[in-house]
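Trainee: I have a new structure open and I am not sure where to begin. Could you walk me through it?

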Amino acid sequence: MSGIASLEIDGKKYDFPLTVGTENEVAIDINTLRSVTNGVTTLDPGYKNTGACESAITFLDGEKGILRYRGYSIEELAEKADFLEVCYLLIFGELPSRDELQKFHNDIREQSIVAEDMKKILDGFPQAAHPMGVLSSLTSALIAFNPSSVNVDSEEDMYRAIVRILGKFPVLTAWTYRKRAGLPLDYGDDTLNYVENFLKMMFKKPHSDYKRNEVVSNAMDKLLILHADHEQNCSTSTVRMVGSSHAGLFVSISAGISALWGPLHGGANQAVIEMLEAIKADGGDTKKYMAKAKDKNDPFRLMGFGHRVYKNFDPRAKIIKKAADEVLNDLGIDDPILEIAKGLEKEALEDPYFVDRKLYPNVDFYSGIIYRALGIPVEMFTPMFALGRLPGWIAQWREMRLRKEPIGRPRQVYIGENLRAFKDIDYR
Ligand code: CMC
């Protein structure tokens, strides 16, 4: 490869250097495009072809179905690591030693107290409010109780902000659920690991002791690992974009939560279960819904299918499908919607519409079935995704700030009115 890309505009030739990543991904570096061409920009709605940054955190090959965090395969991490180790790996770049992990966990524990006044804010929300809206607001409100801004030139400051959010976010997530469920707010238990502690904060009943269930905590750990990062997706790009204005970590993450909420992104896990429930209630006729998904005049989409980047299979979906079978088996649950999901998957994988468009089950297709089996209500599925994605957002925000990236500010191609004279109100 010459290392140069040439572009010809109106007979004039411009050369741009190619950038090659460590996995041989090639990008045309158009940093100088506007200045050398006198104002020409690129147009790429949805950023389908645009690399917004260089990043050393997550590698994803959509054609081959590869996902790696800091060079480690998702399959190996899901099997051998726990969520907190993966948090450390994503944020700091290496797997922690025993001592580093211990210190990390202790520091997070110390920061897991949430100001009592935050409860008043939570109290102000209607009980039926969607947990993602509540969680985004509470995360943003944290800044008012932890006002010191992060000095990104100080490793210590950065570290403190990171362990703070890792400590407080599970508490806020659990409180959001408990408020909705009408349960008293609860703090966790310092003696438990990160994920078990979260489960206890969620499910401890006021009148009985919390009983730890190994199958449940292992499944939850695995789900969180599988969701922990996914390079420049919608919510992560949002976190980087907000952080690029030098807004703090908490508000950047709050913006990421809002972006994740949508049904085309993290909200798909809730939408999948609602769709499967609707199919069941409608007599279980999967063919009818396949036809709807293919009908261009029908807005219905097969939720949990398709992905912007994966055009072969989503490696996370493979792991989750197996885990769903195991969890339901271990817990002795017979969930009829698992059968509907499997039926839909089989039909879609054989249907030319889905095959031609390379639409495969994504991470959200089976995750809801596990969440349901673990006793997590459907409106809490997307907050679970947020808890899992938290280390990814933190790692990407930290990388963006350490690399001193410029403020995010895309260009546009204006297609509105040309200059026109103001019309007095009597003549409009
Ligand atoms: N059902 C039916 N048709 C679909 C679907 C689907 N789920 N997904 C894509 N298509 C069709 C789409 O209509 C289009 O057809 P045509 O070329 O004839 O116009 C073609 O496939 C390409 O779709 P696209 O919308 O241009 O693809 P995209 O890369 O912009 O969108 C997606 C990716 C994930 C938003 C989309 O596949 C989708 O809406 N899926 C359902 C929602 C979902 O499961 N989201 C979770 C994504 S994974 C977790 C996460 O990122 O949070």
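The chat below goes through cavities, a pocket, the ligand and a few single residues.

Mentor: Before you ask anything, please keep in mind that this is a predicted model.

Trainee: Okay, how many cavities of 30 Å³ or more does a search of the whole structure find?

Mentor: The search finds two cavities of that size or above, and the largest cavity has a volume of about 50 Å³, while the second largest holds about 40 Å³ of space.

Trainee: Which residues line the largest cavity?

Mentor: Its lining is made by Leu122, Phe125, Pro126, Gln127, Ala129, Val134, Thr176, Lys179 and Arg180. If you sort that lining by class, you get five nonpolar, two polar and two charged residues, and the largest share, three residues, is supplied by helix H7, which covers residues 155–181.

Trainee: And which residues line the second largest cavity?

Mentor: Here the lining consists of Ala219, Lys222, Leu223, Leu226, Ile320, Ala323 and Ile370, and by class these divide into six nonpolar, no polar and one charged. Helix H9 (214–227) and helix H14 (315–330) each give at least two residues to this lining, with the largest share, four residues, coming from H9.

Trainee: Switching to pockets, what volume does the second largest pocket have?

Mentor: The second largest pocket has a volume of about 270 Å³. It is lined by 17 residues, and those nearest its centre are Asp82, Leu84, Asn193, Tyr194 and Asp221.

Trainee: Which helices each supply at least two residues of that lining?

Mentor: Helix H3 (83–92), helix H4 (98–110), helix H8 (194–203) and H9 each do so, and H4 provides the largest share, five residues. The lining of this pocket divides into six nonpolar, five polar and six charged residues.

Trainee: Let me follow up on H3. Why is H3 described as largely enclosed by the rest of the structure?

Mentor: H3 is largely enclosed because eight of its ten residues are buried, and those buried residues are Phe83, Leu84, Val86, Cys87, Tyr88, Leu89, Leu90 and Ile91.

Trainee: What caps the N-terminal end of H3?

Mentor: Asp82 caps that end, with a side-chain oxygen lying 3.1 Å from the backbone nitrogen of Leu84. Just after H3, you can look at Gly93, which takes a positive phi of about 100 degrees.

Trainee: New topic, the ligand. How many residues surround the ligand, and which are the closest?

Mentor: There are 23 residues around the ligand, and the closest are His265, Arg301, Leu302, Gly304 and Arg308. If you look at individual atoms, an N or O atom in the side chain of Arg301 is 2.7 Å from an oxygen atom of the ligand, and a polar backbone atom of Gly304 is 2.8 Å from an oxygen atom of the ligand.

Trainee: What about Arg357, how far is its polar side-chain atom from an oxygen atom of the ligand?

Mentor: For Arg357, that distance to a ligand oxygen is 3.0 Å.

Trainee: I also marked Arg240, so is Arg240 buried or exposed?

Mentor: Arg240 lies in helix H10, residues 234–243, and with a relative accessible area of 6% it counts as buried, because buried means under 20%.

Trainee: What does the side chain of Arg240 make a polar contact with?

Mentor: The partner is the side chain of Gln396, at 2.5 Å. Leaving out residues up to four places away in sequence, Arg240 touches Cys53, Glu54, Ser55, Gln232, Gln396, Glu399, Met400 and Glu405.

Trainee: Then there is Lys287. Is Lys287 buried or exposed?

Mentor: Lys287 is found in helix H13, residues 286–294, and it is exposed, with a relative accessible area of 58%. Lys287 and Glu347 are 60 residues apart in sequence, while their C-alpha atoms are 8.0 Å apart in space.

Trainee: Last one, where is Arg401 found, and which residues does Arg401 touch?

Mentor: Arg401 is in helix H18, residues 381–402, and at 10% relative accessibility it counts as buried. Not counting residues up to four places away in sequence, Arg401 touches Val152, Gly243, His246 and Ala247. You can also compare Arg401 with Asp153, which is 248 residues apart from it along the chain, with 9.2 Å between the two C-alpha atoms.

Conventions. Residues are numbered from 1 along each chain as its sequence is written. This is a predicted model: local features need pLDDT of at least 70, side-chain atom pairs count only at pLDDT 80 or more; totals for chains, interfaces and linings use all residues. Side-chain values use heavy atoms; hydrogens and water are left out. On a 1 Å grid over the protein atoms alone, a cavity is a set of points where a 1.4 Å probe fits but cannot get out, and a pocket is an open set with protein on both sides within 12 Å along at least five of seven lines; lining residues have an atom within 4 Å of a point. Grid points are joined across faces, edges and corners, and a volume is the space filled by probe spheres set on the points. Ala, Val, Leu, Ile, Met, Phe, Trp, Tyr, Cys and Pro count as nonpolar, Asp, Glu, Lys and Arg as charged, and the others, Gly among them, as polar. Buried means under 20% relative accessible area, exposed over 50%, partly exposed in between (1.4 Å probe, protein chains only). A polar contact is a pair of N or O atoms within 3.5 Å; within protein, one must be able to donate a hydrogen and the other to accept it, and residues adjacent in sequence count only if both atoms are side-chain atoms. Contact means heavy atoms within 4.5 Å. A residue is near a molecule or strand if one of its heavy atoms lies within 4 Å of it.
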